[in-house]
Amino acid sequence: MAHTDTDSASSSSSSSSSSLAPNALAFMALCNEYCVALEHARESSSTELVDTMLRLLPRLYMTATDLKLVGLNDEAYIDSSLEEDFYEAIRCGVESVLGPDDTYLEVFEEDMKYSDTPIAASISEGLADIFQVLYNFLEMVKDAPDAIMEMALQAVKEDFESYWSRVLCNVLRALNHLRYSGGLDSDFDE
C-alpha cells in the first residue's frame, strides 16, 4: 500500500521553488486520496464506498480538467509501476464490496452502436482502471524534480482527455444511480 500518507505527493515539490501550476499539488493530493480509498475499499461498506467515490470522482474530474501545463513535452509519459496482482486486488476489493451492484449497462460504449444487446460494464474495473493511472502517476512524481513532475502531469492530463475522463464519467453515472435509486442494501445517511 504505497500511498497512505497524503503529504507524500506534495512534500517533494514543496521543498524546492516549484514551477508547478497552483492546482497541480491539489491534483496530486486528490490522486493520493483516491488511491488510499481504493486500497482500503474492502474495509468499507458498499454505502461508504459509493459515497466516498461520489465525493472524489467529481473533484478529480474538475481538477484534472483545470490542470495548467507549463512547458509542454512531446515525449510525456508515465512509467507503469502497478503490478497486475495489485490491480486485480483493488478490482476484486471493490467488486466484493459492491456485489451484484458492481455491474451496470454501458450506453456510451463504442461497440454499442453495432450491438442489439446491452453491453455490461463493471464499476470495479472502471475504478481500478483510474486507480492504475493515478497510482502510476503518483509513483512517478514521488520525490521527483519539478521537470519530471511537469512531464508526468502532462501525460496524466493527456491520458485523462483521451481515456480516463470517459471512464470516470461512466462510473460516476453508475455510482450515482446506486446512490439515488435505492440500489444498495443499506440506507444512505442524508
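Of the 190 residues in the protein chain, 46% are buried in this predicted model. The accessible surface comes to about 9900 Å², and carbon and sulfur atoms contribute 49% of that area. Contacts that reach far along the sequence are well represented: among those with a separation of 6 or more, 80% link residues 24 or more positions apart.

The secondary structure consists of six helices and two strands. Followed along the sequence, these elements give the pattern α-α-α-α-β-β-α-α.

A word on confidence is useful before turning to the details. The mean pLDDT of the chain is 85, and 81% of the residues score at least 70. Helix α4 (residues 84-98) has the highest confidence, at a mean of 98, whereas helix α1 (residues 8-14) has the lowest, at 42. Over residues 1-17 the pLDDT stays under 50, and for this stretch the model has 31 contacts beyond four places in sequence.

Helix α6 (residues 146-181) offers a good place to begin looking at the packing, with helix α2 (residues 22-39) as its partner. The axes of the two helices come within 12 Å and cross at roughly 65°, so α2 and α6 are roughly perpendicular to each other. The crossing of α2 past α6 is left-handed. On the α2 side, the residues that meet α6 are Ala 24, Phe 27 and Met 28, while α6 brings Met 149, Leu 153, Val 156 and Trp 164.

Ala 29 also lies in helix α2. With a relative accessibility of 26%, Ala 29 counts as partly exposed, because the partly exposed class runs between 20% and 50%. The C-alpha atom of Ala 29 is 9.4 Å from that of Leu 138, although 109 residues separate the two in sequence.

Helix α6 also packs with helix α3 (residues 46-65), and here the axes come within 10 Å and cross at roughly 150°. That angle makes α3 roughly antiparallel to α6, and this crossing is left-handed. The residues of α3 that meet α6 include Val 50, Met 53, Leu 54, Leu 57, Leu 60 and Tyr 61, along with Asp 51 and Pro 58. Among the residues contributed by α6 are Phe 160, Leu 168, Val 171, Leu 172, Leu 175 and Leu 178, together with Lys 157, Cys 169 and Arg 179. Trp 164 of α6 appears in this set, and Trp 164 is also one of the α6 residues that meet α2.

Technical notes: Residues are numbered from 1 along each chain as its sequence is written. This is a predicted model: local features need pLDDT of at least 70, side-chain atom pairs count only at pLDDT 80 or more; totals for chains, interfaces and linings use all residues. Side-chain values use heavy atoms; hydrogens and water are left out. pLDDT is the predictor's confidence in each residue, from 0 to 100. Helices (H or I, at least four residues) and strands (E, at least two) are DSSP runs, numbered from the N terminus. Contact means heavy atoms within 4.5 Å. Buried means under 20% relative accessible area, exposed over 50%, partly exposed in between (1.4 Å probe, protein chains only). Accessible areas come from the Shrake-Rupley method with a 1.4 Å probe; for residues, only the protein chains shown count as cover. Axes are lines fitted to C-alpha atoms, for helices over the stretch in contact, and angles run from 0 to 180 degrees between N-to-C directions. Angles under 35 degrees count as roughly parallel, over 145 as roughly antiparallel, 65 to 115 as roughly perpendicular and the rest as oblique. A crossing is left-handed if the near helix is turned anticlockwise from the far one by less than a right angle, and right-handed if clockwise.
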